[in-house]
Amino acid sequence: MKPLKDASLITAIKTPFTDSGDIDLKTYDALVEQQILAGVDGIIVGGTTGEGHLLSWEEHLMLIAHSANKFGRQLLIIGNTGSNNTREAIKATENGFATGMDAALQINPYYGRTSGAGVKAHFSRVLAIGPAFIYNVPGRTGQDLTPEIIEPLSKHEHFIGVKECAGNERIGYYEQRGIACWSGNDDESFAGRHQYNSHGVISVTSNLFPGLMRRLMDDNNAELNERLQQIMQWLFCEPNPIAVNTALMMTGAVSPVFRLPYQALSRAQREQGLALLSAFASGEYIGDQAQLLADSDFIYRA
């Protein structure tokens, strides 16, 4: 558990696609290798940013297995094997550990929400399988995992901590009680780390700026945090991962292929992003020199 709790920068890695809409493993490997070079501690495979919800379970588990086999000695592999279906989450989590992942990311049942007692029962079943981060993102699930739910779960031997999107006050509350927390909000992660004593961040922004996010977690550098704020806000101008996908396509890091229902940012939004990216040297972000891209450059696959 110590390497997992010591990980202060974990990237929710993007899943790139080929022109036909299949997973582009060659580009995926290049993205992960750049994360390793930047000193990232681990990756979430098939998370929201990695569009796990748009992958079949076969694709999803293949990507976890591939990541563990190829990169498991260089960084932590955390598979997003959560589901709103407890039976499905159990099966996916068992398969993920069987193929070599270090830990799971588990979410509370969403859409078909359950009671507090049901949430506790769901997490108890998946925690029994192996180490897990609990993901609290009320904006997506419609249900806040309050301390009344988390504190009893934190006593489980396989509980690592919480990816917390409910703000730094909540993170500070948990950390004071010995419950490890990682910020789920990039724009709050600097204060979370250096003022509220979070263990770190599970980041979207580090897909694009892994080196700068490494520094942001390691150094109490308010100037760097201020420098990153506008680009962080732009990366969430539409529901994630639309903007980070668009940005990585604009820098040439990945092919400009979306799986529906995601679509590229509008031209006006891309112009805003290009202006923000121009404030950074090309070596500070993943990919080559950023370009605007035309609407016709993007490919959409179902």
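This is a conversation about a predicted model, covering one pair of packed helices and some unusual places in the backbone.

Visitor: Why is helix 10 called oblique to helix 11?

Guide: Helix 10 (residues 210-218) and helix 11 (residues 222-234) pack at an angle of about 130°, with their axes 11 Å apart. Angles over 145 degrees count as roughly antiparallel and those from 65 to 115 as roughly perpendicular, while the rest above 35 are oblique, and therefore helix 10 is oblique to helix 11.

Visitor: Which residues of helix 10 and helix 11 meet, and what classes do they belong to?

Guide: From helix 10, L212, M213, R215 and L216 meet L224, N225, R227, L228 and M232 of helix 11, and by class this contact has 6 nonpolar, 1 polar and 2 charged residues.

Visitor: Why does E51 count as buried?

Guide: Buried means under 20% relative accessible area, and E51, at 1% relative accessibility, therefore counts as buried. E51 lies in the loop between strand 2 and helix 3, and has a positive phi of about 55° although it is not a glycine.

Visitor: Is N197 buried or exposed, and how do you know?

Guide: The cut-off for exposed is over 50%, so N197, at 53% relative accessibility, counts as exposed. N197, in the loop between helix 9 and strand 8, also has a positive phi, near 65°.

Visitor: Where are cis peptide bonds found?

Guide: One joins N240 and P241, with omega about 15°, and P241 is in the loop between helix 11 and helix 12. Another joins L260 and P261, with omega about 20°, and P261 is in the loop between strand 9 and helix 13.

Note on methods: Residues numbered from 1 in each chain as written. Predicted model: local features only at pLDDT ≥ 70, side-chain atom pairs only at ≥ 80, totals over all residues. Heavy atoms only, no water. Axes fitted to C-alpha atoms, helices over the stretch in contact; angles between N-to-C directions. Helix = DSSP H or I, 4+ residues; strand = E, 2+ residues; numbered from the N terminus. Contact = heavy atoms within 4.5 Å. Nonpolar A, V, L, I, M, F, W, Y, C, P; charged D, E, K, R; others polar. Buried < 20%, exposed > 50% of the residue type's maximum accessible area, 1.4 Å probe, protein only.
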